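Visitor: I should like to understand how the terms used for a protein model are justified. Would you show me the model and take me through them?

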Amino acid sequence: MTAGPRRPVTGRAEKPDNSRPLTWRDVRGQTRRRADELVCTESEAAALEALRTATGETDGDMERHTVRQHLIAERLADTHGIGYDREVLLCASFLHNSGLYGPASSGDVYIKDSARYARRTLEPLGWPEERLRACIDACEQHHALTSRWWMPNEVELVRRSDLVEVLPELARFGIPRSWLKRELWHAVPRAGFWPALLAILRAHWRRMLPGMFRPPVPGGSSDPAESN
């Protein structure tokens, strides 16, 4: 696997109580884990709240999916020595499917709406365009059929981790199935995932399929002029 330039794992603030946020190394099957344990910055909290506003749920099927996907992304990065910006990765994980839901949807292809929702959520917090663009591209490109290592590392980490989370029998990129099945899926339950996914697909397939087979050109569909 050829990754982009390695960068240190970074964040932008500590949790208010200065406790360490949850990482993939903390996952144990006997201990239930939730999205709030991942959050340690204002932007991450805003992204999680935006996800909950979009879905109308707390700790629902989609939220649990994003938690599992992010923890898989962290493990992929650590296993292969890939540097990443933790805040960008977590915000993208929370928001990459948000465009499926009414508060985030304009009726466009859902990954474009997810990217626009990410911009609306994070731009007011003063993110530089480079970091904002990385998060947006991670949302837009997570169904790309080929590697995105030529983009910021967070983009390909979201793409690969989403594939492992949804189709672990097809691709795991070195993630042990034993960890997924015995630890992650117990700590962040996967029960109800497939019925929820099929219900979403039935309701939104017209907005989902174009994004799966024809991801947008990077830097095009969610520029500021189109983000409102």
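Guide: The following turns set several terms against their definitions. This is a predicted model, in which local features need pLDDT of at least 70, side-chain atom pairs count only at pLDDT 80 or more, and totals for chains, interfaces and linings use all residues. Residues are numbered from 1 along each chain as its sequence is written, and side-chain values use heavy atoms, with hydrogens and water left out.

Visitor: How do you know that α1 has the span expected of a helix?

Guide: Helices are DSSP runs (H or I, at least four residues), numbered from the N terminus. The expected span is 1.5 Å times one less than the number of residues. For the 14 residues of α1 that gives 20 Å, and its end C-alpha atoms are 20 Å apart, so the two agree. After α1 comes Gly56, with a positive phi near 75 degrees.

Visitor: Which elements cover the buried residues of α1?

Guide: Buried means under 20% relative accessible area (1.4 Å probe, protein chains only). Among the buried residues of α1 are Ala47, Leu48 and Leu51. Their cover includes α2, α3 and α4.

Visitor: Why is Arg148 said to have no salt bridge?

Guide: A salt bridge needs a side-chain nitrogen of Lys or Arg within 4 Å of a carboxyl oxygen of Asp or Glu. For the buried Arg148, the nearest side chain of opposite charge, Glu156, is 6.4 Å away, so no salt bridge is counted. Arg148 lies in the loop between α5 and α6.

Note on methods. Helix = DSSP H or I, 4+ residues; strand = E, 2+ residues; numbered from the N terminus. Buried < 20%, exposed > 50% of the residue type's maximum accessible area, 1.4 Å probe, protein only. Lys, Arg positive; Asp, Glu negative; His and termini not counted. Contact = heavy atoms within 4.5 Å.
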